[in-house]
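Got your viewer open and your selection tool ready? Load the model below and we'll walk through it stop by stop.

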Amino acid sequence: MYVTKQKINMSFTVGSLLSRESLQLLVLYEKYQDWTKAKKEAVETNILQTTKVSSCQRIVTELYSRLKLLNKKEIDLLTNGSSIDQLLILWLALCRKYQFIYTFAAEVLRNKLIKFDFQLVDSDFDLFFASRELIYPELESISEKQRIRLRQVLFRSIKEAKIVDKNKQIKQFIASKELIEAINKNDLVIYPLIN
């Protein structure tokens with residue numbers, strides 16, 4: 001029997017965490033309680049105020065694809081939670097959209113914490129990327145320039161989610177009661193939580 005291998009989605013260079021833009025789209029979702037209608041109005045009104053319609057379309061489509069992966073409790077926390085919980089929910093949405101990022105957070109960031117190695121460095125990404133090439137051979141066709149861009153966007157996303165500080169030091173924290181109640185317990189592996 002022939003089994004097709006699932007391809008890995010590496011199109012996360014559209015934007016990093018995009019927190020401001022996500023919250024703008026969320027306002028429209030709250031208005032309609034429908035992601036498709038929110039997406040349509042966001043593009044039609046150029047809610048992001050981009051200079052090109054195509055840029056707005058691309059970013060809104062990216063946000064739509066992330067945010068629709070959140071459940072009602074997660075959306076409620078994104079709407080009403082603390083600023084840190086909002087960032088952590090946006091990190092969750094990004095991780096759910098991109099298996100590469102989810103696995104990086106669950107394996108690389110988690111293992112660094114276990115080893116008391118709190119410094120995120122470029123080689124962490126490079127070694128992880130090389131390990132993924134064994135599973136997803138199509139990654140071998142990604143140029144060095146593209147890899148650097150992927151690393152930059154991933155590290156910027158991690159920083160924007162407040163998981164690392166400006167010096168790329170991983171910041172451990174205790175998850176809020178609201179975050180723990182909102183998300184699936186299995187998804188806690190993507191956060192640098194103090195046990």
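What follows is a short tour of aromatic pairs, backbone angles, sequence-distant contacts and a charged patch.

Keep in mind that this is a predicted model.

**Stop one: the aromatic rings**

A search over the whole structure turns up 12 aromatic pairs. Select F100 and F128 to begin: their rings make an edge-to-face pair, 5.0 Å centre to centre with 65° between the planes. F100 sits in helix α6 (residues 99-114) and F128 in helix α7 (residues 122-135), so this pair ties together parts that are 28 residues apart in sequence. Switch on a surface and check both: F100 is buried, at a relative accessible area of 0%, and F128 counts as buried too, at 5%.

Now add F125 and F155. Which geometry do the rings of F125 and F155 adopt? With the centres 6.5 Å apart and the planes at 90°, the pair is edge-to-face. Here again distant parts of the chain are linked, with F125 in helix α7 and F155 in helix α8, 30 residues apart. F125 has a relative accessible area of 0% and is buried; F155, with 8%, is buried as well.

If you want the bigger picture, select F12, Y98, F100, F104, F125, F128, F129 and F155 together, and you have one aromatic cluster. The four rings you have just visited, F100, F128, F125 and F155, are among its members.

**Stop two: positive phi**

Time for some backbone. As background, most residues other than glycine have a negative phi. Pick L18 and read off its torsion: phi is positive, about 55°, although L18 is not a glycine. You'll find L18 in the segment before α1 (19-32). Its relative accessibility is 11%, and because buried means under 20%, L18 counts as buried.

Next, jump to Q49, where phi is near 55°, a positive value in a residue other than glycine. Q49 belongs to the loop between α2 (35-44) and α3 (53-67). Is Q49 buried or exposed? Its relative accessibility is 70%, and since exposed means over 50%, Q49 counts as exposed.

**Stop three: two leucines and their C-alpha distances**

Select L88, in helix α5 (residues 83-97). L88 is buried, with a relative accessible area of 3%. Draw a distance from its C-alpha to that of A175: the two residues are 87 apart in sequence and 9.5 Å apart in space.

Then move on to L139, in the loop between α7 and α8. At 1% relative accessibility, L139 counts as buried. How far apart are the C-alpha atoms of L139 and F104? They are separated by 15 Å, with the two positions 35 residues apart along the chain. You've met F104 already, as one of the residues in the aromatic cluster.

**Last stop: a charged patch**

Finish on the outside. Select K159, K162, K166 and K171, colour them by charge, and you'll see a patch of positive charge on the surface. Zoom in on K166, which is placed in the loop between α8 (144-160) and α9 (177-182). K166 has a relative accessible area of 69%, so with the exposed class starting over 50%, K166 is exposed.

Conventions. Residues numbered from 1 in each chain as written. Predicted model: local features only at pLDDT ≥ 70, side-chain atom pairs only at ≥ 80, totals over all residues. Heavy atoms only, no water. Patch = residues over 30% accessible without salt bridge, like charges linked within 9 Å, V, L, I, M, F, W, Y side chains within 5 Å. Areas by Shrake-Rupley, 256 points an atom, 1.4 Å probe, with all protein chains shown as cover. Salt bridge = Lys/Arg side-chain N within 4 Å of Asp/Glu carboxyl O. Lys, Arg positive; Asp, Glu negative; His and termini not counted. Charge placed at Lys NZ, Arg CZ, Asp CG, Glu CD. Helix = DSSP H or I, 4+ residues; strand = E, 2+ residues; numbered from the N terminus. Buried < 20%, exposed > 50% of the residue type's maximum accessible area, 1.4 Å probe, protein only. Phe/Tyr/Trp six-rings, centres within 6.5 Å; stacked < 30°, edge-to-face > 60°.
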